[in-house]
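Thanks for coming. I will go through one structure this morning, a piece at a time. Please have it open in front of you.

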Amino acid sequence: MVQTSKQQFHTCAMCGAQTGEQQAIANDYKCPQCDYELAHLDVAANGAIRGIFGWLKETGAEIGGRYQVETVLGKGGFGATYLVTDQRVHGKRWALKEIPEMLFDEYEVSLLSQLDHAAIPIIVDRFTDGGMVYLVLKFGGTKTLATECRKNQTIPYAQLKPWILQVANVLEYLHSRNPPIIHRDLKPENILIDDENRVMLIDFGIAKASVAASVTRTLGRAASHGFSPPEQVMGTGTDVRSDIYSFAATLYFALVGKTPVAAHERVAGALLQAPGELVSGIPPEVNAVIMKALSLNINERPQMVADFLKAFTGDGAVANPSGNALDTSKTVQISEIQFGPVLKAGLSHAAASGQQIQSSIPKKNSFSLIGAAVTVVVVSAVGVYWFITNQSEDTVEPLQPTEAVIMEQPSNPLLPVPAAITPEMSAPVLTSAPSALDILNESLESKNFKVEAEEAKRSAEEKLKAEAAARRAREEREKKLAEERARAAEREKARAAAKAEPKTDWGNQQQGSF
């Protein structure tokens with residue numbers, strides 16, 4: 001008689017539904033009700049599920065003979081975080097992170113040991129049990145931002161704002177390190193909230209130091225659907241603006257009650273509705289900065305957390321997402337700076353409307369350039385005056401202007417207009433000849449273009465040389481490997497031939513056969 005084993009059931013930490021093991025396996029180890037992962041998956045590089053490292057612990061399970069699971073706080077790509085009670089310390093609560101031993105990376109432990117912030121967890125213990133590595137984290141609460149969203153569907157802006165400011169504070173701390181630390185997995189499940197409404201940021205498993213020459217670790221090549229920016233999904237490199245995208249996506253989820261459209265779907269043409277169009281009570285400036293931070297173009301997002309935070313603190317207005325505002329972080333050409341009455345044609349409208357054009361050029365350099373421009377203009381005026389006064393009366397006919405020429409007096413006292421300018425003196429200035437400022441602009445632009453072109457050429461040549469060297473090294477390795485394989489095949493062939501060759505048994509030879 002064949003005995004059939006009793007089917008095991010697994011309780012979903014998200015919705016509480018019980019699912020049979022075979023049914024869960026058939027559904028890619030996910031809950032059929034809410035699609036929440038019920039196990040630590042072993043996923044191949046092509047996305048195929050090869051198996052599991054283990055099922056998630058359920059309520060009441062004991063870990064390490066000491067910690068009893070109360071609930072699952074969150075589940076990520078490489079681990080899960082439980083809320084547990086310590087049986088040895090009178091039921092004290094901890095956050096217990098569980099990572100399959102084969103996926104564990106020491107980087108997270110070493111990173112957390114170097115950080116000191118109230119919103120970053122402290123590791124108080126570490127142990128291994130049943131093929132899993134456990135990190136015991138200090139935590140005095142029972143909820144996460146995700147559980148609050150599930151309980152209330154949406155979180156009102158007034159309730160969410162204090163948590164926003166706290167998360168922004170810890171992100172600014174991480175980004176101010178040298179080099180900056182990018183969390184890269186910011187989402188509601190990774191924001192813990194304690195009993196005193198203080199937040200704690202967890203799951204630094206795929207965080208990285210933002211160093212241009214560094215290579216992202218294998219475990220760092222992960223993304224969370226709807227919360228990761230396109231540059232992280234596509235593997236083109238991340239920086240502080242990637243965390244800002246994930247931060248905005250987290251706020252979108254909390255305010256609206258649903259995950260924003262994933263980056264790869266938006267790249268394919270899917271539209272993302274603004275949170276203000278879905279729920280009421282969101283300030284217009286907050287609605288605008290969230291959509292700006294969720295831009296697929298990394299350069300159009302707020303460049304720092306402080307810029308993103310202005311909409312929440314009222315320290316300043318959010319820049320126009322259309323990009324019409326002048327970006328003061330970019331280098332501005334000399335011709336785009338207002339020098340008294342001299343204006344470039346493209347900026348005449350801005351001057352007429354009274355807008356003040358800002359520049360990233362330091363004031364000290366600006367005064368130097370103004371002084372140089374004044375010197376050139378004065379020298380030119382003196383030269384023109386000398387040229388006119390030294391010509392004979394029969395060769396130079398005075399010009400009679402048909403209409404009055406009005407010159408706007410400069411607001412800058414450093415740029416005086418020469419007194420008693422006669423028509424004879426002003427006539428040459430009003431010709432089509434380039435001004436001293438135009439000549440200065442053209443000179444600076446040509447120098448900048450030459451420098452940029454030379455740098456681009458050098459960079460391209462160096463890149464081509466590096467690629468050629470890498471290609472030659474790879475071909476050489478492949479050649480040596482092929483030769484080694486050929487020699488191994490020859491040796492194997494010789495051994496096989498030696499075994500197949502018949503041996504003469506001299507002991508059985510008949511006498512007289514010689």
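How many bridges join β13 to strand β14? The count is three, and the two strands run antiparallel. Strand β14 covers residues 199–201. Before I go further, note that this is a predicted model.

Let me stay with β13, since several things meet there. Strand β13 is made of residues 191–194, and both of its faces are covered. On one side are Ile191 and Ile193, on the other Leu192 and Asp194, and all of these are buried. Besides β14, there is strand β11, residues 141–144, which pairs with β13 over three bridges, again in the antiparallel sense. Ile193 is a good residue to find on your screen. Across from Ile193 in β14 stands Val199, and Lys143 also stands opposite Ile193. Between β13 and β14 the hairpin has four residues, and one of the hairpin residues, Asn197, takes a positive phi near 65°.

Now a residue from elsewhere in the chain that comes to this region. Ala119 sits in the loop between α2 and β9. Is Ala119 buried or exposed? Its relative accessibility is 6%, so Ala119 counts as buried. Leaving aside residues up to four places away in sequence, Ala119 touches Val170, Val199, Met200 and Leu201. Val199 is the residue we just met opposite Ile193. Ala119 and Leu192 are 73 residues apart along the chain, and their C-alpha atoms are separated by 9.2 Å.

Next, the sheet. Six strands form an open sheet, and the order is β5-β6-β7-β8-β10-β9, with antiparallel pairing. Which strands stand at the edges? They are β5, residues 62–63, and β9, residues 123–129; each has a single partner strand, so one side of each is left without a neighbour in the sheet. A helix packs on this sheet as well: α2, residues 106–114, touches β8, β9 and β10, the last being residues 132–138. The direction of α2 makes about 165° with that of β9. Inside the sheet, take strand β7, residues 80–86, and strand β8, residues 92–100: seven bridges join them, and they run antiparallel. As one point on that pairing, Leu83 stands opposite Ala95 in β8.

On to a pair of helices. Two packed helices are described by the angle between their axes and the distance between the axes. Helix α9, residues 284–293, and helix α10, residues 305–313, pack at an angle of about 160°, and their axes are 8 Å apart. Angles over 145 degrees count as roughly antiparallel, so α9 is roughly antiparallel to α10. The crossing of α9 past α10 is left-handed. Which residues meet there? From α9 they are Glu285, Val286, Val289, Ile290 and Ala293, and from α10 they are Phe308, Ala311 and Phe312. By type, the residues of this contact divide into seven nonpolar, one charged and no polar.

Helix α9 has other neighbours too. Its buried residues are Val286, Asn287, Val289, Ile290, Lys292 and Ala293. What covers them includes α10, and also α4 (157–175), α6 (240–256) and α8 (275–278).

A few backbone details in the loops. Asn178 and Pro179 are joined by a cis peptide bond, with omega about 0°. Pro179 lies in the loop between α4 and β12, residues 181–182.

Two residues other than glycine also have a positive phi. For Tyr29 the value is near 65°. Tyr29 is in the loop between α1 (21–26) and β3 (39–43), and at 13% relative accessibility Tyr29 counts as buried. For Gln153 phi is near 70°. Gln153 is in the loop between α3 (145–152) and α4; with a relative accessible area of 54%, Gln153 is exposed.

Finally, the chain as a whole. There are 14 helices and 15 strands. The chain has 514 residues, of which 34% count as buried. Among contacts with a separation of 6 or more, 56% are between residues 24 or more positions apart. The contact of Ala119 with Val199 is a place to begin when you look at the model yourselves.

Technical notes
Residues are numbered from 1 along each chain as its sequence is written. This is a predicted model: local features need pLDDT of at least 70, side-chain atom pairs count only at pLDDT 80 or more; totals for chains, interfaces and linings use all residues. Side-chain values use heavy atoms; hydrogens and water are left out. Buried means under 20% relative accessible area, exposed over 50%, partly exposed in between (1.4 Å probe, protein chains only). Two strands pair if DSSP finds at least two bridges between them. Axes are lines fitted to C-alpha atoms, for helices over the stretch in contact, and angles run from 0 to 180 degrees between N-to-C directions. Angles under 35 degrees count as roughly parallel, over 145 as roughly antiparallel, 65 to 115 as roughly perpendicular and the rest as oblique. A crossing is left-handed if the near helix is turned anticlockwise from the far one by less than a right angle, and right-handed if clockwise. Contact means heavy atoms within 4.5 Å. Ala, Val, Leu, Ile, Met, Phe, Trp, Tyr, Cys and Pro count as nonpolar, Asp, Glu, Lys and Arg as charged, and the others, Gly among them, as polar.
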